[in-house]
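Take a look at the protein below and turn it around a few times. Let's walk through how its parts fit together.

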Amino acid sequence: MKRPDFYPVRSLIYVDLAHEDYRIKLENWLYRYHIPDSISQFGPYVSKYAFYQALPTPPGGERFGTVRMQMTEHYWLANPNDIREFVHHKALTEFFPKDVLVWQNNIPDEGKSHLIEKGKEENFEGDDARSTKGNEELGTVPFIFAFVPVWWEEDFKGEGRTVEDGPNYRWQFVVRYPEGISQEEGDKWIKEELIPAYTEQDECLRCLSSRIIKEVNNCEFDRLVEMWFPCQSAWVTATENASKKVAKPAWAETQDFPYLKKSSGISGIFLSDIARSDNMTSYHGYITMR
């Protein structure tokens with residue numbers, strides 16, 4: 001019988017928010033149901049499982065497909081795709097109501113989303129929910145679940161920075177190149193046009209990047225980039241300057257910078273340095289305020 005190989009890999013899930021009215025509903029599901037459900041499934045082979053809360057979208061950030069709820073991070077010790085190849089049965093199915101996909105802006109909001117009533121909701125199998133593609137015409141976004149190496153592959157600026165150098169306003173984003181554009185051609189534009197337009201500015205403190213490991217779960221996105229700035233205003237200034245410098249590629253999907261369709265071509269999130277919940281070590285249940 002085949003055994004799963006040791007396969008250390010990091011994954012990122014971007015969680016959007018369809019409407020502010022849904023924030024507390026989505027938070028309730030994430031912390032009350034999803035964390036314990038997840039740990040019970042992958043606890044033996046995941047070393048880190050954390051939630052990073054999204055910072056407010058900066059002026060101009062919408063066109064970069066910015067998500068508004070959180071980024072979920074896992075560090076896997078085994079390739080979850082290999083694990084699925086084994087004959088196995090889940091003792092419990094994830095509690096993943098359809099409304100969660102509405103709250104996360106993955107499927108259209110028909111105005112009927114409500115509090116979870118167990119036993120009355122249509123339940124999705126978790127892997128099916130995570131394959132939701134989104135629809136540009138309807139304004140919904142894809143469920144982005146990207147796997148990357150544990151260690152960053154490329155370092156473009158800021159090596160040697162420590163926590164003593166101050167807190168960081170982090171912009172993390174993924175890009176998907178248009179159909180027919182190779183990884184090499186897309187990466188050339190990212191590395192020779194987009195990234196230098198930021199890193200040559202003092203406002204950009206740090207820049208790192210990795211290819212997305214598509215074979216793990218057939219993620220449609222191609223590359224992950226993370227840049228750090230001193231604050232939100234520094235990002236706004238750097239982006240305004242970069243928009244005047246970056247050459248529009250022949251394969252541009254839009255007329256304006258960043259030349260990729262928001263959400264389906266580029267999607268990202270603004271973060272602080274720390275996780276708000278390191279679930280494997282600090283989760284103690286859904287304990288409400290008095």
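Start by finding F229. Leaving out residues up to four places away in sequence, F229 touches N168, Y169, W171, Y198, E203, C204, L205, A234, W235 and A238. Keep in mind that you're looking at a predicted model.

F229 also belongs to a bigger group: the largest nonpolar core has 30 residues, and within it W171, Y198, M227 and F229 touch the most other members. Which elements give two or more residues to this core? They are β6 (169–175), α5 (183–199), β8 (223–229), α6 (232–243) and β9 (266–271). Helix α5 provides the largest share, with six residues. Apart from this core there's another one, made of 28 residues, and L26, W29, W103 and I213 are among them.

Let's stay with α5 for a moment. If you trace this helix, you'll come to a kink of about 35°, centred on I190. I190 is also one of the buried residues of α5, along with Q183, G186, D187, W189, L194, I195, A197, Y198 and T199. What covers them? The cover includes β5 (154–157), β6, β7 (206–211), β8 and α6.

Now move over to the sheet. It's an open one, with five strands in the order β4-β1-β3-β2-β10 and antiparallel pairing. The edge strands are β4 (144–149) and β10 (277–278), and each of those pairs on one side only. What holds neighbouring strands together? Strands of a sheet pair through backbone hydrogen bonds, and they can do that in a parallel or an antiparallel way. For a concrete case, follow β1 (residues 6–15): six bridges join this strand to β4, and the two run antiparallel. Along that pairing, you can spot L12 standing opposite A146 in β4.

Strand β1 is also home to V15. Is V15 buried or exposed? Its relative accessible area is 4%, and buried means under 20%, so V15 counts as buried. If you skip its neighbours within four places in sequence, V15 is in contact with L26, V67, R68, M69, Q70, T72 and Q104. You can also compare V15 with Q53: they sit 38 residues apart along the chain, and their C-alpha atoms are separated by 9.7 Å.

One of those contacts, L26, leads us to a helix. Helix α1 (residues 23–42) lies across β1, β2 (46–53), β3 (70–78) and β10, and it runs at about 170° to β2. Like α5, this helix isn't straight: α1 bends by about 40° at H34, and a proline, P36, follows within four residues. The buried residues of α1 are K25, L26, N28, W29, L30, Y33, H34, I35, D37, S38 and F42. Their cover includes β1, β2, β3, α3 (98–103), β10 and α7 (279–282).

Finally, zoom out to the whole protein. In total, its secondary structure comes to seven helices and ten strands. Of its 290 residues, 49% are buried. The protein exposes about 14,900 Å², and carbon and sulfur atoms supply 50% of that. How far apart in sequence are the residues that touch? Among contacts between residues at least 6 apart in sequence, 80% join residues at least 24 apart.

Note on methods:
Residues are numbered from 1 along each chain as its sequence is written. This is a predicted model: local features need pLDDT of at least 70, side-chain atom pairs count only at pLDDT 80 or more; totals for chains, interfaces and linings use all residues. Side-chain values use heavy atoms; hydrogens and water are left out. Two strands pair if DSSP finds at least two bridges between them. Contact means heavy atoms within 4.5 Å. Axes are lines fitted to C-alpha atoms, for helices over the stretch in contact, and angles run from 0 to 180 degrees between N-to-C directions. Buried means under 20% relative accessible area, exposed over 50%, partly exposed in between (1.4 Å probe, protein chains only). Accessible areas come from the Shrake-Rupley method with a 1.4 Å probe; for residues, only the protein chains shown count as cover. A nonpolar core is a set of buried Ala, Val, Leu, Ile, Met, Phe, Trp, Tyr and Cys residues joined through side-chain atoms within 4.5 Å. The bend at a residue is the angle between axes fitted to the seven residues ending there and the seven starting there.
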